[in-house]
Amino acid sequence: MLRIFTIYFLITNLQAMESENFKVYYYPEDSISARWTIRFLESYKKKIDSTTGGNPRRPYVFIEDIGTLSNGYSDPVSGTIAIYNYVPTTDFHNDAMKSWFRTVSVHEYTHHSIMTNVKGPVRYLRPIIGKFFLPNALYLASHMQEGIAVLMESSIDRYEGRLNEGFFDAYIRLLSSRNMIRPSPYINHCPPEYPHGALKYIIGSEFTEYMFDNYGVHMVSKYYSTIAAMPVTIPLIDIPGILVFRKPVSFIYRNWKNDLKDALSPTPAKSNYLDKGFKIKYLEIKGDRLYYVKEELKRLSWEYTYAESELYEMDLKTLKKSILYTGHISLPPKKDVNSLYVGITEPEIGKENISFLGIQYLNTIMRIRDGKVDKVVSGRIRAFDVQNDTILYVTDEPTGCAIHLFNGKNDSTLMYIDSSKVQEIMVDGETIFLTCLEPLRGTNIYRINNEMELEKLTDFPFTIASLSRYEGKLIFSANYMNKWAIYEFDPTSSRFRIFDSEPLAFYPVAYDSILYYVTIEVDGELLQQTHMNNLRDASITSELCTTSEAYEQYTVRRSTSYDFIKEMLWHDAIYPSVSVDLDAKKINLTGIQIIGHTPLNLVEYFVFLNHDELRKSELSLYYNGIPVTTVAFNISPHLVQNGIGIGHILQIAGHSYLRQTNIYFETYPFKRSISVSTTLRTHIYPSIDQYHNIAIASDSSSHSLSFDHITYIPMRKKFLLTGSMGIKYSIESSTLEGDLGARCTVPLFKVYCGNDAIIHFFYERNFLTLEWISDFQHATREHGIILTLDHLCSFLSGDFKFALRTGVMSSIPFEAVKLYLSVEPASIEFSNKLIKRRWRLREFLGMPNLI
């Protein structure tokens, strides 16, 4: 109950800032961020709505504090837009921008506008079917959903948005020149290969830009509005495309691919490089030692992957490599005397935010010395450098940044930088260099003079990143003229030199007249080298910068929780519950299921209504507390089914990969039953994922103790060995007779294949698995083989899935054939790319759902 009051307090403690079309919720320390956000939303709303054809109702906009994690998302089902308040540091994997809040506001509101665009009969069906019924979210391919959002963020300014910053253009050219642009249904399902998760953004934005150029904004907007008015689609027939363009959009997609291929000459694959990886970043050089980070994609199952970073040291004379540290590395390594420093990301539990996770992430500086790893300092650290074991680091502040000095004992603040966000800091003797992002102007190079004042060395409207120093000159990457290239700048003579023979070049460092950098390939990134003589003279034109205007005044008032409750009562979806009786060869409609949630998923509910037996109907109400706590009530007309369950994560560590200990407690007082279980998720280096679950249950007649264990062992990219084992021991209190049972399952092989069933309609995945099972109960023992075929079809945007499984068992005393059919409502995938709905999050974290 305390958690429920905590949630209510957090909601009512929020402040709300209102304009004509928006209301932004925030905590007082984020008031400046809220003003930026509401200003940008009002400024670009008309342009976005006219492009998408939408005119949505006022969204719930939240400024979220997740620590040093940068992101944003739009959940059109509950009308929520969330913007994380941490301005990201510059990296070509992210994007170049002049204002984080402008870029993310335009991107997420575009999602909100296009996906909540409903017209015609759909307006009257949504109150009945549910809020998830949004045609542009269901029927518009997800790469086109992301494509229009990236295109809108890139239409703000010449040097803002991912279509203007070099990575997208460079990668699409590589794909096209090798004839490797995949069919659109494949792209919609976020394939795990490079650049993991970004493919539909890249393909979608480039293709949407092609549609705008060839058909005009009005026609494409008409296409979105045509979809918005369609209650259903006809399989194999692209009705909106035919009505608007006189051809299916899949035809336009193929024309775009052909036009790109014809315009480019083939690019041979590179064979001469120092190293290759999924991602390579953060180059640092000291003497003849090169330090860098490789981020590799790990597979724990067919559906679950995570990225893990490794810190490498390379001897530039022998090219011998060694791994110094493994973890989620978030800040570049810095070598100093006998120590190596690097930043990692660590989560904290219990922060007062209203996030999905209830967790904030901090950057921690680690010191590696003589093989020992120690934590030095932690916080919202944006950048750092080390000289003579003294750490100069920059922390993120509500209105800017602060620079701190830490000598191992004392921590002091040197200066505050208001308004601008420091992206990098570099100490060179008595001189301190910075790159700072000034809102609405760009990222430039600064120097701190003897009076502790900032001296601006460059004044360009684009983005400068990855700063290093060589022979008195500054070396950096810049996205000038929509291409990431390497520049050398002499602060004394203001002379520029450029290296741009690669499609993309980033993270430059130099040693002994050799320039080391990172470039991209189709399937990953390469560590390359070139001679400094290959840099040529260059001129950079300083263009007029966009300057900020005065803040508009908006009404600020305390928010109420009434709107959140009202939003929850409008259900997300109503869908039928179906049972399949193989023996009777019947399909029975047993009832209906209703789900709903408030903005940010603070409260959710699930209702099951059984038309045959009312006593089987139930209501499960979930309160998602702070930090990660779930309180679930099960309410049923049948008293013995009424109960309460509480789940809580006790410990969590890691970032891309989560490890935690959970505890779950449930009780049914009318049945006089109680159960407690704990789930421990562990990680065995390098790639083994384990779950351990122990549960105790008791009622008036029996007591039971159970233990379950599962281990995932990924062997190869195309082959996965998975083992699971479960043991259960129960005691009947009346007879005190024990019953011991166990099962061990070992897959002998698992074959995976995927294909485009029909272009631009749905995508298929198939899994063929052969498993050996040993099962025994008390004195009986059985062995056997199970052969199963899993078939998964993902329709349309990829958010609507249909799964079918068939199997044959031999020697095991179960039915010979098992068949199941499951349909996932599209609203499951509506929250964002990074974070799913909270009830999906509980499943992801391994928390048992016992009610």
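User: How are helices α2 and α3 oriented relative to each other in this model: parallel, perpendicular or oblique?

Analyst: Happy to walk you through that. Helices α2 and α3 are oblique to each other. Keep in mind that this is a predicted model. As a general idea, two packed helices are described by the angle between their axes and the distance between the axes. Here, α2 (residues 31-52) packs on α3 at about 45 degrees, and the two axes lie 8 Å apart. An angle between 35 and 65 degrees counts as oblique, so this pair earns that label.

User: Which residues make the contact, and what is the handedness of the crossing?

Analyst: The crossing of α2 past α3 is right-handed. On the α2 side, the contact residues include Trp36, Phe40, Tyr44 and Ile48. Among those of α3 are Phe101, Val106, Tyr109 and Ile114.

User: What span should α3 have, and is α3 mostly covered or open?

Analyst: With 16 residues (100-115) at 1.5 Å a residue, α3 should span 22 Å. Its end C-alpha atoms are 23 Å apart, which agrees. As for cover, 16 of its 16 residues are buried.

User: How many disulfides does the structure hold, and why do Cys401 and Cys436 not form one?

Analyst: First the idea: a disulfide is a covalent bond between the sulfur atoms of two cysteines. Searching the whole structure gives 0 disulfides. The cysteine sulfur closest to that of Cys401 belongs to Cys436, but at 7.3 Å it is too far for a bond; the cut-off is 2.5 Å. Both residues are buried, Cys401 with a relative accessible area of 1% and Cys436 with 0%.

How values were computed: Residues numbered from 1 in each chain as written. Predicted model: local features only at pLDDT ≥ 70, side-chain atom pairs only at ≥ 80, totals over all residues. Heavy atoms only, no water. Helix = DSSP H or I, 4+ residues; strand = E, 2+ residues; numbered from the N terminus. Expected span 1.5 Å × (residues − 1). Buried < 20%, exposed > 50% of the residue type's maximum accessible area, 1.4 Å probe, protein only. Axes fitted to C-alpha atoms, helices over the stretch in contact; angles between N-to-C directions. Parallel < 35°, antiparallel > 145°, perpendicular 65-115°, else oblique. Left-handed = near helix turned anticlockwise from the far one by under 90°. Contact = heavy atoms within 4.5 Å.
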